[in-house]
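Colleague: Could you walk me through the labels you put on this protein? I'd like to hear the reasoning behind each one.

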Amino acid sequence: MNNKQTHWIGSLPNDWLMKSLRSVVYFINDKNDKMQYTNVLSLLKDVGVVPYEEKGNQGNKSKEDLTNYKIAYKNTIVANSMNLKIGSVGLSKYDGCVSPVYYVMGIRKTNDINFVNYLFQTREFQKYLGSLGKGILEIREKIDIDELKTAVIPLPPLPTQVAIANFLDDKCGKIDALIENEEKIILELKEYKMCAIGEIIKRVKAQNIRLKYLLKEQLQYGANESGIDFDENLPRYIRITDIQDEVLTDENKQSLAMEKATEYLLDDGDILFARSGATVGKAFRYRKEYGLSAFAGYLIRARLKNNLLSVYVSNFTKSSLYKGFINENLIQATIQNLGANKYGNMIIPLPCENDMQKINKEAEKQCIQVDQLIAIKQQKIVELKEYKKSLIYEVVTGKREIV
């Protein structure tokens, strides 16, 4: 075994061995050609195996799509060959079917599936697996099954494997409970902010007006194009997944070729609305500080008549009034989809300019206060997740004794 295979492991306790993955697990390639299963399973980074509908897409695949799928059984490890290096792997709690690009692994005798699954959760092992990948995009490098089989893992005796898995189940369960509590508080803070801004808006006298009458030009759908690797000399390509908590994330940025982006370039103050799927209703106000940008097809652009209206409508989208509009329309819809017509006819309470300025100022103050509290909680979650990953690595490589 060369240093490249084992450097991520470091030194091991005397009774531990280093073995190839193929000697510890076997790969299952059972086909779903007889439609044994119609429930589709998928993978979420750092979450694991989930039913397809929980991934944020509505409904399962049509039955015609499933005959080429693989069967994934309960208590097997499922891994996305394209995204293994970023944590798309987990232990399945379900029987179901998965995409052909997924690998399904069962455990050989004298080994523990839970211990091996924890190994797959470590960043160090994922990084090592990434060195085996082949692909154009760094985040989507397919790891060939024959390469994966040669991957080397640390392996203690079976009783130690079981003890480590039980220890991590307990410790990680407690960490996850703390993370869940922090996430609950964040949701409560966001709900409070929505209600507070809603009350600020409702306090003043206003006339109801439809959004389309506040626009400089008609609502516009985004580009139906595929993005390319991010290039600072090209427009950034904003997709629904880039919008998180009313800001743009810097993760996995993409660009759009200028000739394709021209019709979809954003102006300072443009507001984007998500129109489809689990993110429907998500809103984002673009600022020129983000740099030259275009927007993708599952977003709708609203260009307001002036900056005062832009800020006010943006604040409206942060309120309980806007949430009520989204919920009411989704209840009436057969699928989660709000098009330009629905958004254009959205009723907005419009006060006089003086009151609008006061509302914007109060809403900004409220957002700053609450967002600071949210940021503290989010940092706590980051620290807990970091501790969890470090703990797993130290234990499954024998660096830390379990007690």
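Modeller: Let's go through salt bridges, helix crossings, backbone angles and a strand residue, bearing in mind that this is a predicted model.

Colleague: What makes glutamate 386 and arginine 123 a salt bridge?

Modeller: The closest N and O atoms of glutamate 386 and arginine 123 are 2.9 Å apart, and the cut-off is 4 Å between a side-chain nitrogen of Lys or Arg and a carboxyl oxygen of Asp or Glu. So the pair qualifies as a salt bridge. Glutamate 386 sits in helix α10 (residues 353-396) and arginine 123 in helix α3 (residues 123-130), so the bridge ties together parts that are 263 residues apart in sequence.

Colleague: How many salt bridges turn up in the whole structure?

Modeller: The search finds 19 salt bridges.

Colleague: Why are glutamate 386 and arginine 123 called partly exposed?

Modeller: Partly exposed covers what falls between buried, under 20% relative accessible area, and exposed, over 50%. Glutamate 386 has 39% and arginine 123 has 31%, so both get that label.

Colleague: What is the closest N and O distance for lysine 318 and glutamate 246, and which parts do they tie together?

Modeller: Their closest N and O atoms are 4.0 Å apart, and the pair is listed as a salt bridge. Lysine 318 is in the loop between α7 (307-316) and α8 (320-332), and glutamate 246 is in the loop between β15 (243-244) and β16 (247-248), so the bridge links parts 72 residues apart in sequence. Glutamate 246 is partly exposed, with a relative accessible area of 31%.

Colleague: Arginine 303 and aspartate 267 form a salt bridge too. Is arginine 303 buried or exposed, and how do you know?

Modeller: Buried: arginine 303 has a relative accessible area of 11%, and the label applies under 20%. Its partner aspartate 267, at 40%, counts as partly exposed. The closest N and O atoms of that pair are 3.4 Å apart. Arginine 303 lies in the loop between β21 (299-302) and α7, and aspartate 267 in the loop between α6 (258-261) and β18 (271-274), so the bridge ties together parts that are 36 residues apart in sequence. Salt bridges with shared partners join Glu217, Asp267, Asp270, Arg301 and Arg303 into one network.

Colleague: On to helices. Why is α7 called oblique to α10?

Modeller: The two pack at an angle of about 50°, with their axes 10 Å apart. Roughly parallel needs an angle under 35 degrees, and roughly perpendicular runs from 65 to 115. The angle here fits neither, so α7 is oblique to α10. The crossing of α7 and α10 is left-handed. On the α7 side, the contact is made by Leu308, Leu309, Val311, Tyr312 and Asn315, and on the α10 side by Glu353, Met356, Gln357, Ile359, Asn360 and Ala363. By class, that contact has 7 nonpolar, 3 polar and 1 charged residues.

Colleague: What makes α2 and α5 oblique to each other?

Modeller: Helix α2 (residues 113-120) and helix α5 (residues 158-202) cross at roughly 60°, and their axes come within 8 Å. Perpendicular starts at 65 degrees, so α2 and α5 are oblique. Here too, α2 passes α5 in a left-handed crossing. Asn114, Phe115 and Tyr118 of α2 meet Gln161, Ile164, Ala165, Leu168, Asp169 and Cys172 of α5. Those residues divide into 6 nonpolar, 2 polar and 1 charged.

Colleague: What is notable about phi in asparagine 75 and threonine 110?

Modeller: Most residues other than glycine have a negative phi. Asparagine 75 has a positive phi near 70°, and threonine 110 has a positive phi near 70° as well. Asparagine 75 is in the loop between β5 (70-72) and β6 (77-80), while threonine 110 is in the loop between β9 (102-107) and α2.

Colleague: Why does threonine 110 count as exposed and asparagine 75 as partly exposed?

Modeller: The line for exposed is over 50%. Threonine 110 has 59%, so it is exposed; asparagine 75 has 43%, so it is partly exposed.

Colleague: Last one: how do you know that valine 104 is buried?

Modeller: Its relative accessible area is 0%, and buried means under 20%. Valine 104 is in strand β9. Leaving aside neighbours within four places in sequence, its contacts include Tyr26, Phe27, Ile71 and Val98. Isoleucine 28 is 76 residues from valine 104 in sequence, but their C-alpha atoms are 5.3 Å apart in space.

Conventions:
Residues numbered from 1 in each chain as written. Predicted model: local features only at pLDDT ≥ 70, side-chain atom pairs only at ≥ 80, totals over all residues. Heavy atoms only, no water. Helix = DSSP H or I, 4+ residues; strand = E, 2+ residues; numbered from the N terminus. Buried < 20%, exposed > 50% of the residue type's maximum accessible area, 1.4 Å probe, protein only. Axes fitted to C-alpha atoms, helices over the stretch in contact; angles between N-to-C directions. Parallel < 35°, antiparallel > 145°, perpendicular 65-115°, else oblique. Left-handed = near helix turned anticlockwise from the far one by under 90°. Contact = heavy atoms within 4.5 Å. Nonpolar A, V, L, I, M, F, W, Y, C, P; charged D, E, K, R; others polar.
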